[in-house]
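Welcome! Let's take a friendly walk through a protein chain and the ligands that come with it. Keep the picture open while you read.

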Amino acid sequence: MVEMLLVQVALSVATPTRRATAFFAPNAGGGSNLDNAGNGFGEPLNVIISGLSSPGVLTLSGLENFARAVGFSTECLGIHLGGPQSANLGDGNGFVNQTVELRQDFGDPVLGTCEETLEGGNHFRVWQQNGSAANSGAFFLAVSQEEDLQEGHTISPNGYNMGRDALVAAAVGTTSFSGVTYSTTSQQIMGLLPAGSAGVNHGIAQDGVVVLLTVTIV
Ligand SMILES: *[C@@H]1O[C@H](CO)[C@@H](O)[C@H](O)[C@H]1NC(C)=O
Ligand SMILES: *[C@@H]1O[C@H](CO)[C@@H](O)[C@H](O)[C@H]1NC(C)=O
C-alpha cells in the first residue's frame with residue numbers, strides 16, 4: 001500500500017497534465033483488481049490507461065479511437081456474447097457493470113470483430129475510475145485472449161498474460177487512427193493483483209503484473 005502511494009506520487013510529479021493522478025489502487029478503497037464474472041470468480045484488471053494520459057483519451061469516445069489505433073473495435077455488429085462483468089474500482093461507486101467491450105479487429109475496424117467473435121482473439125472489458133472517492137479518470141481494462149467459438153469462447157491457457165502482453169506490444173510507441181496520433185509508454189505495476197489462480201475465472205493463473213499505459217496525443 002505504501003509502495004503504491006509512492007508510485008502514484010512519483011508519477012503525478014513526473015507528468016503534469018490536467019489530471020493529477022495516474023490511478024488510485026482499487027484495493028485501497030475497498031475494491032479489487034479482479035472483476036466479478038458473476039460466478040464467484042473474477043478476471044484480472046491487468047491494464048490501466050493512466051489518468052495522466054491526454055484528457056482527450058480519457059473519455060469513452062477517446063478510448064474507443066485509441067483502441068482502434070491499436071487494433072481493437074466495438075463488438076461484431078453490436079452482437080454481444082456473454083453477460084456483462086462488474087468491477088469495484090474503490091472509487092466509491094461500488095460494483096458497476098463494464099462500460100464497453102472491445103475486440104481485436106484484424107485490421108478491419110468495421111467487420112473485423114466478427115472474425116474475433118467466430119475465431120477467437122484478444123478482447124477487453126472497460127471500467128473508468130471516476131467515483132468521487134478516487135476520481136483519477138483512469139480506465140481499467142480486463143484483457144484476455146479467447147479461444148474460438150467452437151471452444152465456447154473461453155479464455156486460452158495463459159490467456160490473461162498473453163492478452164495483456166499483446167495489447168501492450170501493439171499500444172506502445174506511436175500509433176494513429178482517424179487523424180489522431182498517440183505516443184504511448186508502459187510501466188509494470190506490482191502489488192495490485194496477487195499472482196496465481198486463486199479466485200481467477202476459469203482457474204487460469206496470471207503473473208500479477210498490471211501494466212500502466214500513459215497515452216499522449218501528439
Ligand atoms: C449488470 O447488468 C446486468 C444485466 O443487465 C444486471 O442484471 C445487473 O444488475 C447489473 N449489475 C450492476 C452491478 O449494475
Ligand atoms: C464514469 O465513467 C463512465 C464510463 O466512461 C460514464 O458512463 C459515467 O457517466 C461516468 N460517471 C461520471 C460521474 O462521470
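Let's begin with two neighbouring strands: strand 5 and strand 6 (residues 121-128) pair in the antiparallel sense, and four bridges hold the pairing. Please keep in mind that this is a predicted model. From this pair we can work outwards to the sheet, the helices and the ligands.

**From strand to strand**

- In general, the strands of a sheet pair through backbone hydrogen bonds, and they can do so either parallel or antiparallel.
- Try finding Leu102 in strand 5: its bridge partner in strand 6 is Phe124.
- Strand 5 (residues 100-104) is also joined to strand 2 (residues 72-74), by three bridges, and these two run antiparallel.
- Here Leu102 turns up again, as the bridge partner of Thr74.

**The whole sheet**

- In what order do the eight strands of the open sheet lie? The order is 2-5-6-7-1-10-9-8, and the pairing is mixed.
- Strand 2 and strand 8 (173-177) are found at the edges; each has a single partner strand, so one side of each has no neighbour in the sheet.
- From one strand to the next, the twist averages 30°.
- At the strand 8 edge, five bridges join strand 8 to strand 9, and the two run antiparallel.
- To see one of the facing pairs, look for Ser176, which stands opposite Thr181 in strand 9.
- Helix 4 (residues 159-171) packs on the sheet, where it touches strand 1 (47-49), strand 6, strand 7 (139-146), strand 8, strand 9 and strand 10 (210-217).
- The direction of helix 4 makes about 115° with that of strand 7.

**A closer look at Gln187**

- Strand 9 (residues 180-189) is where you will find Gln187.
- Why does Gln187 count as partly exposed? There are 14 other C-beta atoms within 10 Å of its own, while a buried residue needs 20 or more and an exposed one has 12 or fewer, so Gln187 falls in between.
- Gln187 and Thr214 are 27 residues apart along the chain, and their C-alpha atoms are separated by 8.5 Å.

**The chain as a whole**

- How many helices and strands are there in the protein chain? It has four helices and 10 strands.
- Following the sequence, you meet them in the pattern α-β-α-β-β-β-β-α-β-β-α-β-β-β.
- The protein chain has 218 residues, and 43% of them count as buried.
- If you take the contacts between residues at least 6 apart in sequence, 66% join residues at least 24 apart.

**Helix 2 and what follows**

- Which residues of helix 2 (residues 60-69) are buried? They are Leu63, Asn65, Phe66, Ala67 and Ala69.
- Just after helix 2 comes Gly71, with a positive phi of about 100°.

**Around the ligands**

- Ligand 1 has Pro84, Ser86, Phe95, Val96 and Asn97 around it.
- Strand 4 (residues 95-97) provides the largest share of this shell, with three residues.
- Sorted by class, the shell around ligand 1 has three nonpolar residues, two polar ones and no charged ones.
- Ligand 2 is surrounded by Leu60, Thr99, Gln128 and Asn130.
- The shell of ligand 2 has one nonpolar and three polar residues, and no charged ones.

Terms used. Residues are numbered from 1 along each chain as its sequence is written. Chains are lettered from A and ligands numbered from 1 in the order in which they are written. This is a predicted model: local features need pLDDT of at least 70, side-chain atom pairs count only at pLDDT 80 or more; totals for chains, interfaces and linings use all residues. A residue is near a molecule or strand if its C-beta atom, placed from the backbone, lies within 6 Å of it. Ala, Val, Leu, Ile, Met, Phe, Trp, Tyr, Cys and Pro count as nonpolar, Asp, Glu, Lys and Arg as charged, and the others, Gly among them, as polar. Two residues are in contact if their C-beta atoms, placed from the backbone, lie within 7 Å. Two strands pair if DSSP finds at least two bridges between them. Axes are lines fitted to C-alpha atoms, for helices over the stretch in contact, and angles run from 0 to 180 degrees between N-to-C directions.
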